[in-house]
Amino acid sequence: MKSFRTWKLILLATMVLSVFTACASQEKETASTTKPTATEENKDTAATPPDPLGKYPETVTVSEVLGYNPPEDPRTPKGITPDQNAYMKDLKEMLNIEVKYKWTVPSSQFEQKFSLAMASGDLPDILELDQKNFEKLKQQDMLADLTEAYQQYASPALKKYMESDGGFAMKTFSSDGKQLGIPAFEDPFLSTQLLWIRKDWLDNLNLQPPKTMDELEKVATAFVQQDPDKNGKNDTYGIAMQKELFFWGFDVRGFFNGFGAYPSIGDKQSAWLKDGDKLKPGLIQPEVKTALGKLQSWYQNGIIDKEFALKDENKAVEDITAGKVGISYGEWWYPNWPLNLNVDKDPKAEWIAIQVPGLDGPGQSLVPKIRSGKLFAVNKKAKNPEAAIKMINFYIEMGNKKYMDQNKAEKGYVYNWFNPRIYNPAQIETIYTEVNKALDAKQTEITLDDENYKNVADVFKAATDYLAGNTKDATKGVNWGQYYSRAAKDGGWGLTRQIKESKAFVNNEYYGLPTSTQVEKGGQLDKLMQESFTKIIMGAPLDEFDKFVASWKSLGGDQITQEVNAWYSEQAAK
């Protein structure tokens with residue numbers, strides 16, 4: 001078993017060797033004579049390195065596909081579509097890059113649509129991938145080598161972000177010395193599950209925020225039976241839940257965590273927990289069965305919606321916005337969307353965040369070792385692979401102060417529709433620290449002067465406007481959402497920091513790429529889990545869980561366990 005120090009030395013040696021290899025490759029290329037192409041911004045590339053934000057002399061067109069959610073900022077013009085995103089206009093003007101969408105679909109349809117595109121080989125130039133699809137395309141040799149494009153075109157800010165973890169995430173998405181993907185990795189604690197609950201409903205019923213599962217059950221039952229919104233109607237239920245049990249939002253990961261069960265980090269695959277000197281699959285542990293039994297009783301008692309199995313995340317959001325439900329498990333960002341929509345719809349609505357309730361007190365959330373649910377890669381057939389790197393540079397550049405007055409939601413800038421985009425991995429912590437520093441010092445403006453300026457300044461303005469009750473430039477919900485998600489000391493990220501500091505979490509110990517059997521059998525096993533667990537929640541005998549475990553193991557789970565443990569013994573940093 002390798003020690004952590006040994007792993008660090010190996011990683012350092014690998015990075016040093018990469019630098020020497022890159023230098024040798026660049027010298028060889030410089031010595032050769034090639035004809036100028038549209039990708040060359042200077043005739044004398046040997047003397048002048050490429051400009052990370054240099055404008056192409058001729059328009060370069062790249063194709064993309066997009067799965068998207070509604071714009072997070074309600075100030076965005078109504079009816080705008082992804083191809084009308086103002087970022088695209090600036091991209092064309094600044095870099096002479098034009099994006100053509102092969103197709104766009106709501107995010108709930110993306111996985112199925114993209115699977116069909118992979119099967120037919122009809123892929124765009126720039127690819128947003130999860131780890132499983134990355135591994136599939138890598139095995140099929142369909143990904144461009146981005147090593148040279150990254151070395152030559154990555155901006156200093158992008159390189160700073162990618163090197164902030166010692167190059168660990170970048171190395172994960174390289175193969176045989178080739179950089180095949182640029183990971184959008186973030187602080188792993190952004191995945192921490194919290195419980196969001198309507199404090200105004202608690203106050204209406206003279207209840208306290210729950211700390212245990214029993215207390216949560218009493219509160220949720222009261223939210224069903226005692227008219228918590230005081231409208232005289234029997235029109236509320238307890239806890240939001242959608243059909244995907246382990247997903248990116250409005251799911252029940254945090255609920256299971258409260259039982260000491262850690263089935264998934266949200267990627268539909270099993271989480272992996274320490275078991276002596278090996279790893280065990282969290283999905284099939286006895287605690288999961290116990291949690292399913294409780295969900296079954298909550299379903300029978302109306303605490304969760306009887307129609308949950310028919311609801312996607314958008315339907316769950318509609319119920320939250322409409323004030324039909326007062327509790328939801330989720331991450332730090334919920335105030336930014338969709339809780340802000342409920343606050344604007346109902347002026348009395350007041351949401352707070354608490355640590356997930358456990359059996360005997362606050363529970364422990366599951367946190368990954370690496371949070372990199374997506375990465376960006378380039379189709380091997382693409383003519384201008386470096387365009388993807390320059391587009392990432394562009395997105396980072398747009399965060400600087402000089403674009404502040406231009407880059408606004410009301411002018412059609414929808415950041416969550418722009419790809420490829422890479423964030424500062426410590427962006428939320430930077431916002432929290434800088435905004436609170438300014439608030440505590442009673443500053444009137446942010447003095448930070450780098451690519452993080454816009455994000456920090458936006459939250460600072462929202463915070464000061466919310467605290468002052470100023471709704472001149474944005475609604476109460478918008479201001480509260482930005483402040484309470486990112487800057488409030490008892491809000492989304494503020495509470496997450498406290499959980500991190502108090503070590504009230506459990507790690508998902510597997511952070512490698514999907515194993516060969518996960519790639520081959522993962523979809524089948526996920527479908528088995530989803531169908532089996534849903535049937536149990538809706539009333540099937542609880543012993544169906546034992547049948548699920550036996551099927552999971554025989555259909556590939558045992559083989560995956562062997563592969564994961566081979567990785568753990570050979571490659572994991574202990």
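This is a short dialogue about reading helix packing, sheets, domains and backbone geometry in a predicted model.

Trainee: What should I know before I start reading this model?

Mentor: The model is predicted, so local features need pLDDT of at least 70 and side-chain atom pairs count only at pLDDT 80 or more, while totals for chains, interfaces and linings use all residues. Residues are numbered from 1 along each chain as its sequence is written, and side-chain values use heavy atoms, with hydrogens and water left out.

Trainee: How are helices and strands named here, and what describes two packed helices?

Mentor: Both are DSSP runs numbered from the N terminus: helices are H or I with at least four residues, strands are E with at least two. Two packed helices are described by the angle between their axes and the distance between the axes. Axes are lines fitted to C-alpha atoms, for helices over the stretch in contact, and angles run from 0 to 180 degrees between N-to-C directions. Here, helix α19 (residues 516-537) packs with helix α20 (residues 544-570) at an angle of about 160 degrees, and their axes are 10 Å apart. That makes α19 roughly antiparallel to α20; the classes are roughly parallel under 35 degrees, roughly antiparallel over 145, roughly perpendicular from 65 to 115, and oblique for the rest.

Trainee: Which residues make the contact of α19 with α20?

Mentor: Contact means heavy atoms within 4.5 Å. On the α19 side the residues include L525, L528, M529 and F533, and on the α20 side they include F548, W552, L555 and I560. The residues of this contact divide into eleven nonpolar, nine polar and three charged. For that division, Ala, Val, Leu, Ile, Met, Phe, Trp, Tyr, Cys and Pro count as nonpolar, Asp, Glu, Lys and Arg as charged, and the others, Gly among them, as polar.

Trainee: At what angle do α4 and α19 pack?

Mentor: Helix α4 (residues 131-139) and α19 pack at an angle of about 130 degrees, with axes 10 Å apart. That makes α4 oblique to α19. K132, E135 and K136 of α4 meet Q518, V519 and G523 of α19, and the residues of this contact divide into one nonpolar, two polar and three charged. The crossing of α4 past α19 is left-handed, a term for the near helix being turned anticlockwise from the far one by less than a right angle, whereas clockwise is right-handed. The passage of α19 by α20 is a left-handed crossing too.

Trainee: Now sheets: in what order do the strands of the four-stranded sheet lie?

Mentor: Strands of a sheet pair through backbone hydrogen bonds, either parallel or antiparallel. Two strands pair if DSSP finds at least two bridges between them. This open sheet of four strands has the order β8-β11-β7-β12, with mixed pairing. Its edge strands are β8 (237-239) and β12 (351-355), each pairing on one side only. Neighbouring strands are turned by 20 degrees against each other on average, direction ignored. Strand β7 (residues 194-198) runs antiparallel to β12, joined by five bridges, and L195 stands opposite I354 in β12. Helix α18 (residues 492-501) lies across β7 and β12, at about 140 degrees to β7.

Trainee: Which strands stand at the edges of the β3-β14-β6 sheet?

Mentor: The pairing in this open sheet of three strands is antiparallel. The edges are β3 (126-129) and β6 (182-183), each with a single partner strand, so one side of each is left without a neighbour in the sheet. Four bridges join β3 to strand β14 (residues 375-378), with E128 opposite F376 in β14.

Trainee: How many residues lie between β9 and β10 in their hairpin?

Mentor: Two residues lie between them, and G276 in the turn has a positive phi of about 70 degrees. Strands β9 (residues 272-275) and β10 (residues 278-281) pair in the antiparallel sense over four bridges, and D275 stands opposite K278 in β10.

Trainee: Where are the cis peptide bonds and the positive phi outside glycine?

Mentor: Most residues other than glycine have a negative phi, and most peptide bonds are trans. A cis bond joins W337 and P338, with omega about 10 degrees; P338 sits in the loop between β11 (325-330) and α13 (339-345). Another cis bond joins N419 and P420, with omega about 0 degrees. N96 has a positive phi near 60 degrees, in the loop between α2 (86-95) and β2 (97-106).
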